[in-house]
Amino acid sequence: MRKLAALLLALLLLSGLSGCAVRQEAEEKPALVVGFSQLGAESSWRIANTASVEAAARDFGYGLMMENANQKQEKQIDAIRSFIAYRVDVIVFSPIVETGWENVLTEARQAGIPVILVDRMIDAAQDDLYTAYVGADFYAEGRRAGEYLIRKADAEGLAHLRIAEICGTPDSTPMRDRQRGFADALAGDPRFEIIESVNGDFLRSKGEECMASLLDKYGPDGIDVVYSHNDSMTLGVLDVLEREGIAPARDILLITVDGEKEAVNALKAGRINCVVQCTPDLGGDVMRLVQALKNGQEVPRVTHPKESAFSDLDDLTDPSVEGF
Ligand code: AHR
């Protein structure tokens, strides 16, 4: 009854919530209702991730109340508060940044609503405020990017590589951990110098801006490698390089993270050197945890999907080399 009441209340109040959608007909009486706060729609990755959660909720027959925060933490906090008010059964959310969640997650805990973090983490100090995390091991992704560069330098006898890093949203888990993993992989090897790390916010437009200003500052001969924290920014980088007559993946090596189709195709076409995989397809794992919670079962604290990396040092005709 609690679930049906929550859903009916949600439908009644729906008009007051911009962008909120309940993806289940009330008369179908979903087994339970999940409140999902998505952080935005900044990249193809994010759009695929939203679709994955929506499809999984449908497959499991759960009602889904989805709010998209358009990159604003305040909107995510508002969404979570509205889910608490509706008394949803489980809250799923992808925190845009790691800090600033203590109050609202304490409110969820006081209301007895379990919280599953998807894709991104919150500050370790607030460890007791969520039940489980489903998402990538971003540190391992950063390491894979660095390990590729070591293999490339070994294979081609490259003695000194000046690296420009284009980072994702500051204070977000993928930004922090992809940066740390990459730096750790290269640490102590004098061949590698990270000359600058700039913020591209995971956006294609900002990737383009960052590349243009890096070229202004260092010139095409002053940068050997661009390590970009996601494909959207990398596609912006490609636009700039090709406009300027600089051969991507040859004049400047390009390492990217995500693995969307456009980036994997660019890798196969010799325009990117390495794509580190980050799967957006997390919905199934999330809904399996929701189901386990519903059945009163223990759930794993952390679920990482299986991921790898593709590069110009591998066989790119292998059928496993494909984008999402
Ligand atoms: O949190 C995952 C990252 O966020 C993806 O790499 C990026 O594309 C997205 O915007």
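Contact here means heavy atoms within 4.5 Å. Keep that cut-off at hand for the exercises below, which use a predicted model.

**Exercise 1. Describe how helices H5 and H6 pack, and find which residues meet.**

*Solution.*
Step 1: Two packed helices are described by the angle between their axes and the distance between the axes.
Step 2: For H5 (residues 138-156) and H6 (residues 173-186), the angle is about 35° and the axes are 6 Å apart.
Step 3: Add the handedness: H5 passes H6 in a right-handed crossing.
Step 4: Now look for the contacts. On the H5 side they include Phe138, Tyr139, Gly142, Ala145, Gly146, Leu149 and Ile150. Among their partners in H6 are Thr173, Pro174, Asp177, Arg178, Gly181, Phe182 and Ala185.
Step 5: Sort the residues of this H5 contact with H6 by class, and you get 9 nonpolar, 4 polar and 7 charged.

**Exercise 2. Find the largest cavity and say where it lies with respect to domain 1 and domain 2.**

*Solution.*
Step 1: Rolling a probe the size of a water molecule over the atoms shows where empty space is left.
Step 2: Counting cavities of 30 Å³ or more gives 1, and the largest cavity has a volume of about 80 Å³.
Step 3: Its lining is made up of 13 residues, with Trp45, Arg46, Arg120, Arg178 and Asp258 nearest the centre.
Step 4: By class, the lining of this cavity holds 5 nonpolar, 2 polar and 6 charged residues.
Step 5: Check the helices: H2 (44-60) and H6 each supply at least two lining residues.
Step 6: Finally, the largest cavity lies between domain 1 (28-136 + 280-305) and domain 2 (138-278), because both give residues to its lining.

Note on methods. Residues numbered from 1 in each chain as written. Predicted model: local features only at pLDDT ≥ 70, side-chain atom pairs only at ≥ 80, totals over all residues. Heavy atoms only, no water. Axes fitted to C-alpha atoms, helices over the stretch in contact; angles between N-to-C directions. Helix = DSSP H or I, 4+ residues; strand = E, 2+ residues; numbered from the N terminus. Left-handed = near helix turned anticlockwise from the far one by under 90°. Nonpolar A, V, L, I, M, F, W, Y, C, P; charged D, E, K, R; others polar. 1 Å grid on protein atoms, 1.4 Å probe; cavity = no way out; pocket = protein on both sides within 12 Å on 5 of 7 lines; lining within 4 Å. Points joined across faces, edges and corners; volume = space filled by probe spheres on them. Domains from an automatic or database assignment.
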